[in-house]
Amino acid sequence: MTEIDAKIDALVPAWLTLPDIAEQFGVEVTRVRQLVKDGQLIAVRRGENRALHVPADFIDGDKIVKGLTGTLTLLRDDGFTVEEMLEWLFTPDPSLPGTPAQALSENRGTEVKRRAQALAV
């Protein structure tokens with residue numbers, strides 16, 4: 001878990017704490033922590049109390065946004081840090097259009113993964 005800088009914090013429109021996600025998923029907070037540990041979600045420390053937060057765009061009701069976990073794996077395999085992943089996912093890409101995170105939430109994951117794979121070349 002990383003603490004992020006103001007630039008990346010400003011890119012992400014909304015955040016959820018791990019207890020918020022656990023409530024939405026109907027599971028214990030330890031299960032959400034395990035999702036972070038397993039790389040299915042990324043969480044960063046932010047705010048005064050440095051609590052762990054996950055971008056709200058990564059959550060779709062009671063589940064993780066389709067395609068997110070695979071995209072995170074691709075970026076991690078490309079050597080991206082958590083900060084770099086967040087910056088890439090939340091920086092507008094005119095060819096998508098929008099941000100990769102928005103495209104994932106709109107079920108356009110194939111295009112996002114294609115771009116993530118191209119980063120490795």
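These are my notebook entries on helix α7, the annotated domain and Glu28 in a predicted model.

**Ground rules.** I worked from a predicted model, taking local features only at pLDDT of at least 70 and side-chain atom pairs only at pLDDT 80 or more, while totals for chains, interfaces and linings use all residues. Residues are numbered from 1 along each chain as its sequence is written, and side-chain values use heavy atoms, with hydrogens and water left out.

**Entry: domain.** I looked up the UniProt record, an unreviewed entry, which places "domain: Rv2175c C-terminal" at residues 65-120; such annotations may be inferred rather than shown by experiment. Over residues 65-120 I noted 64% helix and 0% strand (DSSP runs, H or I of at least four residues for helices, E of at least two for strands, numbered from the N terminus). The end C-alpha atoms there are 23 Å apart.

**Entry: helix α7.** I listed the buried residues (under 20% relative accessible area, 1.4 Å probe, protein chains only) of α7, residues 109-119: Gly109, Val112, Arg115 and Ala116. They sit on the same side of α7 because they cover an arc of only 125° around the axis, taken from the directions from the helix axis to the C-beta atoms. An α-helix has 3.6 residues a turn, so residues three or four places apart point the same way. Their cover includes α4 (68-77), α5 (82-90) and α6 (100-105).

**Entry: Arg115.** I found Arg115 buried, at a relative accessible area of 18%. Beyond its neighbours within four places in sequence, Arg115 is in contact (heavy atoms within 4.5 Å) with Trp88, Asp93, Ser95 and Leu96.

**Entry: Glu28.** I placed Glu28 in the loop between α2 (18-25) and α3 (29-37). Glu28 counts as exposed (over 50%) at 61% relative accessibility.
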